[in-house]
Amino acid sequence: MSDDLVFMMGNYEAHVPGDRRYAKNHVWLLPEGEGFRVGFTAYSVRLLQDVYFLDWTIDPGTTVREKQEIGEVESSKALSTLYAPSAGTVVGFNEKLLEDPTAINTDGYGEGWLYEFTTDETFLSPPEYVEVLDAGWDDTQRHLKGQVN
Amino acid sequence: MAGHKITVVIAQHQGKNPAKRELEEELAARLLMEPDFDCSLVPHLYDMSHDHTGMLFLRSVPGDVVLLSWLYPRAAFWTLDRAGVTGKFGHTLLVPEDDDEIDSEDAPPEPTGRESNRTITCIDLRNESDPEAYLDEIRRIAGESAVETVDLMSWIGGDPKKEQLERYLKPANNGSNGNGHQSVDASAEPVQLFDVTDEMAKRRWYPVIDYDRCTNCMECIDFCLFGVYGVDNVDTILVEQQDNCKKGCPACSRVCPENAIIFPNHKTAAIAGADGEVAGLKIDLSKLFGGEEKDPLAMAVAERDAELVADGRDAVGMAVGIPKRQTETVTAARDELDDLIDGLDDLDL
């Protein structure tokens, strides 16, 4: 894909496909029907590494606020609460991932999509998201190291 | 010790992670080859209902048990206790590799479990990926058990009748232990597999009390406004209405001053029953995904308010059931972070 952007996480190339939008909390949004499909960006997946367990704490069809807690993810290296990227409605979840979340790692921009989301908000373009990554990279490294010390 | 078999139970993981399934299956296959072990496979311990055949089986085992599960040993032990499977807490030597420095001053008191003639040893399957390590440890435990419980040999080695089992399982004190134990007729059939292919409909969520730690201070019953907690006839705290518990909400665990309330599936190791062992202590990426940092009491209050509002009730904030003493509301083994360091190495930061 020639229109992919790449953000370097150390030696790792985190791809940022040009066909979709991005939210600051490191999910992508791909227009699909009335709304978006939402998934983890390569940047997120690199930090999470192998995802073991995904759990949604809201029901399909729930209207959410920005930053509302919607679920949890556990991976080989991390645990995290997941939050809504903006105000909107979480229409439904990728049921396949609840059985087996490996698609998040193997096809994070495709079959590894997380949920369907409708919203009136606008999101970041790929270059804007890369800027966010650039600006936040030092902080992210500090944050990770801060949890170690 | 001819005739004495130790019962080894593998409790499966909730998910279908192929690596985890493979370890479970490999272990089961190898254990079946061992003449001294009775091996059984049950579904995920925490999700099994009280009358699930796997649980009935567990309650019917009179002697020593080694339980292999994907839970912290404390979480698994007290989950069993809640289900009426009680015993002494068996200590395993199979612990996370980088556990060394924890044993010193900050180590919490050693769990003891119940006064009992038998020992239940819970081993966390996250510790090791090599099945042989578990077999070695089970052999070691079996060796110890053969020495310690020699007076029980004839009984265990024999084939107890149902009434004997009942008596054993329901001692004179009416079998009530604060975790809500009620004895149920148990079949002593030597079955190996318990509905593990039949995916359980739903994942459950409820608190499990560690009675080694609980001081019966009643802060949980004051704090929880959903009627989960109750007391028995001698005023011992117990989880009375577990289905009233709000999925994902660990608020009572955060306010417990002794860290005695375990939610075995919570993402935070200390809440999930880690005990100086921090195999599961992982980087929390919540901030990255949009979360904000709060202190535990504020988190507990926010979690409770969210559940109240979801129920159509009014949020109460700090107005109800706040511990009088607010020091040490956090108990967390937050120091042992070798695996995090390993994690960072892998990140090439």
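This is a short tour of a predicted model, moving from ring contacts in chain A to the overall make-up of chain B.

Begin by displaying the aromatic side chains, since the structure holds 15 aromatic pairs when every chain is counted. From these, select A:F7 and A:W137, whose ring centres are 5.8 Å apart and whose planes meet at 85 degrees, so this pair counts as edge-to-face. If you now colour by secondary structure, you will find A:F7 in strand 1 of chain A (residues 5–9) and A:W137 in helix 4 of chain A (residues 126–146), so the pair ties together parts that lie 130 residues apart in sequence. With the surface switched on, A:F7 proves to be buried, at a relative accessible area of 5%, and A:W137 is likewise buried, at 11%.

Next, select A:W56, A:F93, A:Y115 and A:F117 together, which ring pairs link into a cluster.

Two arginines can be viewed after that. A:R20 lies over the face of A:W28, at 4.5 Å from the ring centre, while A:R37 is placed over the face of A:W113, at 3.9 Å from the ring centre.

Finally, turn to chain B and show it as a cartoon, where 10 helices and 10 strands make up the secondary structure. Of the 349 residues in chain B, 54% count as buried, and its accessible surface comes to about 15,700 Å², with 49% of that area belonging to carbon and sulfur atoms. If you trace contacts within chain B between residues at least 6 apart in sequence, 75% of them join residues at least 24 apart.

Notes:
Residues numbered from 1 in each chain as written. Chains lettered and ligands numbered in written order. Predicted model: local features only at pLDDT ≥ 70, side-chain atom pairs only at ≥ 80, totals over all residues. Heavy atoms only, no water. Phe/Tyr/Trp six-rings, centres within 6.5 Å; stacked < 30°, edge-to-face > 60°. Helix = DSSP H or I, 4+ residues; strand = E, 2+ residues; numbered from the N terminus. Buried < 20%, exposed > 50% of the residue type's maximum accessible area, 1.4 Å probe, protein only. Lys NZ or Arg CZ within 6 Å of the ring centre and 35° of its normal. Contact = heavy atoms within 4.5 Å. Areas by Shrake-Rupley, 256 points an atom, 1.4 Å probe, with all protein chains shown as cover.
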